[in-house]
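Colleague: I am new to reading protein models. Could you take me through one, feature by feature?

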Amino acid sequence: MSPFQSKAGSLPSGEVNTMSVLAPIVGWLVPGAGHFMQRRWIRGALLMASIVAMFVLGILMQGKVYGINGGDLLDMLGFVGDLGAGGLYFVTRAMDWGQGAIQLASADYGTKYIIVAGLLNVIGAVDAYDIAIGKKD
Amino acid sequence: MQLSHFSAALIFAFFASIVFGITQRGNPRDMVRYGAYCFSLFVLCTIAASWVMWVVKR
């Protein structure tokens, strides 16, 4: 049996299967979707609502979305955090939102909201992986 | 959209606590309790830090 092949029934904790590969990737691209795939509807909806709300509030507060070539170490770390938001990040970059308004204090809060939304999304994707391998109910 | 520092911290604490609760605990009852615990810690630490800054400023 291939390592990515699913088994019927319950899986021993830690075993790799198709869901354990797909769930974190899909969960990263669309917040909460990794839980939806595994029929954790309420958890997925709460994760999606929380992460999307934080990200959108950050954009509305005119927070900055970092690009890949910030030219500064802190900018690169900001980029890594932002990238955690997956699809939200790509859409925002494509629409050229998140330019940042450095003269506003609330824009700085917005920048942190966006970064933390990305980091929380990574935690959510890891949680989807834990569910898929049977480590978590 | 402009928020005060405190309201921004409260909203931040609310959403972060939801994610922490869901991801760090295994059953719904523990999730709610842990989320509430995280939220109260966020808020208490925010208030404590603000008083520390007030003292430092004086």
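Colleague: Which pattern does chain A follow along the sequence?

Modeller: This is a predicted model. Read along the sequence, chain A runs α-α-α-α-α-α. That gives 6 helices and 0 strands.

Colleague: What share of the 137 residues in chain A is buried?

Modeller: Buried residues make up 43% of them. Now look at contacts in chain A with a separation of 6 or more. Of these, 67% join residues 24 or more positions apart.

Colleague: Let me try one helix. How far apart should the ends of α6(A) be, given its 28 residues?

Modeller: Use 1.5 Å a residue, so α6(A) should span 40 Å. Its end C-alpha atoms are 41 Å apart, which agrees.

Colleague: Is α6(A) enclosed or open, and how many of its residues are buried?

Modeller: Count the buried residues: 20 of 28, so α6(A) is largely enclosed by the rest of the structure. Just after this helix, A:Gly134 takes a positive phi of about 85°.

Colleague: How do I read the packing of two helices? What is the angle between α4 and α6 of chain A?

Modeller: Compare the directions of the axes. Helix α4 (residues 73-83) and helix α6 (residues 105-132) of chain A pack at about 55°, and their axes are 6 Å apart. An angle from 35 to 65 degrees is neither roughly parallel nor roughly perpendicular, so α4(A) and α6(A) are oblique to each other.

Colleague: Which residues make that contact?

Modeller: From α4(A) come A:Gly78, A:Gly81, A:Asp82 and A:Leu83. From α6(A) come A:Ile114, A:Ile115, A:Gly118 and A:Leu119. By class, the residues of this contact are 4 nonpolar, 3 polar and 1 charged.

Colleague: What about a nonpolar core? Which residues touch the most other members of the largest one?

Modeller: First the general idea. In soluble globular proteins, nonpolar side chains tend to be buried together. Here the largest nonpolar core has 29 residues. A:Met54, A:Phe55, A:Tyr113, A:Ala117 and B:Val19 touch the most other members.

Colleague: Which elements give two or more residues to this core?

Modeller: Chain A gives α3 (41-60), α5 (87-94) and α6, and chain B gives α1 (5-24). Take A:Phe55 as a case. Leaving out residues up to four places away in sequence, A:Phe55 touches A:Ala85, A:Leu88, A:Ile114 and A:Ala117. Another core, of 10 residues, lies apart from the largest one. Among its members are A:Val26, A:Ala33, A:Tyr129 and A:Ile131.

Colleague: Let me follow A:Val26. Where does it lie, and what does it touch?

Modeller: A:Val26 lies in helix α1 (residues 18-29) of chain A. A:Val26 has 20 other C-beta atoms within 10 Å, so it is buried. Beyond four places in sequence, A:Val26 touches A:Ala33, A:Gly34 and A:Met37. A:Val26 and A:Asp82 are 56 residues apart in sequence, and their C-alpha atoms are 17 Å apart in space.

Colleague: Now backbone angles. Which sign of phi should I expect?

Modeller: Most residues other than glycine have a negative phi. A:Arg39 is not a glycine, yet its phi is positive, about 65°. A:Arg39 is in the loop between α2 (33-36) and α3 of chain A. A:Gln62 also has a positive phi, near 65°. A:Gln62 lies in the loop between α3 and α4 of chain A.

Colleague: Are these two residues, A:Arg39 and A:Gln62, buried or exposed?

Modeller: Count C-beta neighbours. A:Arg39 has 9 others within 10 Å, so it is exposed. A:Gln62 has 22 inside 10 Å, so it counts as buried.

Colleague: And chain B? How many residues does each chain bring to the contact between them?

Modeller: Chain B brings 14 residues and chain A brings 21. The side of chain B that touches chain A has 10 nonpolar, 4 polar and no charged residues.

Colleague: Can we end with two residues of chain B? Where are B:Ile11 and B:Ala36?

Modeller: B:Ile11 is in helix α1 of chain B. With 16 other C-beta atoms within 10 Å, B:Ile11 is partly exposed. B:Ala36 is in helix α2 (residues 28-57) of chain B. B:Ala36 has 12 other C-beta atoms within 10 Å, so it is exposed. The C-alpha atoms of B:Ala36 and B:Gly21 are separated by 8.0 Å, although these residues are 15 residues apart along the chain.

Conventions. Residues numbered from 1 in each chain as written. Chains lettered and ligands numbered in written order. Predicted model: local features only at pLDDT ≥ 70, side-chain atom pairs only at ≥ 80, totals over all residues. Contact = placed C-beta atoms within 7 Å. Nonpolar A, V, L, I, M, F, W, Y, C, P; charged D, E, K, R; others polar. Axes fitted to C-alpha atoms, helices over the stretch in contact; angles between N-to-C directions. Helix = DSSP H or I, 4+ residues; strand = E, 2+ residues; numbered from the N terminus. Parallel < 35°, antiparallel > 145°, perpendicular 65-115°, else oblique. Expected span 1.5 Å × (residues − 1). Core = buried A, V, L, I, M, F, W, Y, C linked by C-beta atoms within 7 Å.
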